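User: Please pick one strand position and look at it closely. Then work outwards to the rest of the chain, and keep the sentences short.

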Amino acid sequence: MDGTYDIYLGREVVGKAAVEQQGLYYRFCCQCNISGSVICRITVSCNGHHENLGVLIPMGSGFGLTTKMAVKKLGKGPFQFRALPKHQKSESKFIPVYPDEPFAYLTRLQNAFLEIRNGQPGVVIGEQL
């Protein structure tokens, strides 16, 4: 959805993201006013799906990034943008999988992935940011 959106760092608005659909791709232009003491990346969320757009770099008097992403990868709908410290991972939940027990999170598997932690297979499900 074309338009301009706020970029949040916690609850504070630190910048703007301009979104333009160009054929089968979205073009994202993000500009932020941050201190630069911590390297930050920008994430975008749409209908419960989260994607990393990349790391902010110095641009003009602030920091920014310009990138493209396939529309089918993100979907259509309103976007939410977040600036996160680069070392901070997106909030996610590890749910162990046991062969003889029912799995209660079937409806949330669309954006999940399999991971093995300490020898235990499980599913990592992204939480709403």
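Analyst:
**A close look at one residue**

Cys30 sits in strand S3, which covers residues 25–32. Strands here are DSSP E runs of at least two residues, helices are H or I runs of at least four, and both are numbered from the N terminus. The model is predicted, so local features need pLDDT of at least 70 and side-chain atom pairs need 80 or more, while totals for chains, interfaces and linings use all residues. Residue numbers start from 1 along each chain as its sequence is written, and side-chain values use heavy atoms, without hydrogens or water.

How accessible is Cys30? Its relative accessibility is 1%, so Cys30 counts as buried. Buried means under 20% relative accessible area, exposed means over 50%, and partly exposed lies in between (1.4 Å probe, protein chains only).

What covers Cys30? Set aside residues up to four places away in sequence. Cys30 then touches Ile7, Lys16, Ala17, Ile42, Leu53, Phe63, Gly64 and Leu65. A contact here is heavy atoms within 4.5 Å. Thr67 gives a distance to go with that list: it is 37 residues from Cys30 along the chain, yet the two C-alpha atoms are separated by 8.8 Å.

Two of those contacts lead to other positions. Take Ile7 first. Ile7 touches Cys30, and Ile7 also touches Gly15. Gly15 lies in strand S2, residues 12–22. Gly15 is buried because its relative accessible area is 10%. Beyond four places in sequence, its contacts also include Tyr5, Asp6, Gln31 and Cys32. Ser92 offers a contrast: Gly15 and Ser92 are 77 residues apart along the chain, with 25 Å between their C-alpha atoms.

Cys32 also relates to Leu9. The two are 23 residues apart in sequence and 9.9 Å apart in space, C-alpha to C-alpha. Leu9 belongs to strand S1, residues 3–9. With a relative accessible area of 31%, Leu9 is partly exposed. Outside its neighbours up to four places away, Leu9 touches Val14 and Ala83.

Now the second lead, Ile42. Ile42 touches Cys30, and Ile42 is also among the contacts of Glu51. Glu51 lies in strand S5. S5 covers residues 49–55 and runs antiparallel to S4, residues 40–46, with six bridges joining them. Two strands pair if DSSP finds at least two bridges between them. One bridge is easy to find in the structure: the partner of Thr43 in S5 is Asn52. S4 and S5 form a hairpin with two residues between them. In that turn, Asn47 has a positive phi of about 55°.

Is Glu51 buried or exposed? At 15% relative accessibility, Glu51 counts as buried. Not counting residues up to four places away in sequence, Glu51 also touches Thr43, Val44, Met69, Lys73 and Leu74. Its side chain makes a polar contact of 2.6 Å with the side chain of His49. A polar contact is a pair of N or O atoms within 3.5 Å; within protein, one must be able to donate a hydrogen and the other to accept it, and residues adjacent in sequence count only if both atoms are side-chain atoms. His49 is itself in S5. Its relative accessibility is 17%, so His49 counts as buried. In a regular strand the side chains alternate between the two faces of the sheet.

Further along the chain is another buried position. Ile95 is in strand S9, residues 92–96. At 8% relative accessibility, Ile95 counts as buried. Beyond four places in sequence, Ile95 contacts Phe103, Tyr105, Gly122, Val123 and Ile125. Ile95 and Cys46 are 49 residues apart in sequence and 23 Å apart in space, C-alpha to C-alpha.

Last, the whole chain. One helix and eleven strands make up its elements. Their order is β-β-β-β-β-β-β-α-β-β-β-β. Along its principal axes the C-alpha trace spans about 55 × 35 × 20 Å. Of 129 residues, 33% count as buried. Among contacts between residues at least 6 apart in sequence, 56% join residues at least 24 apart.
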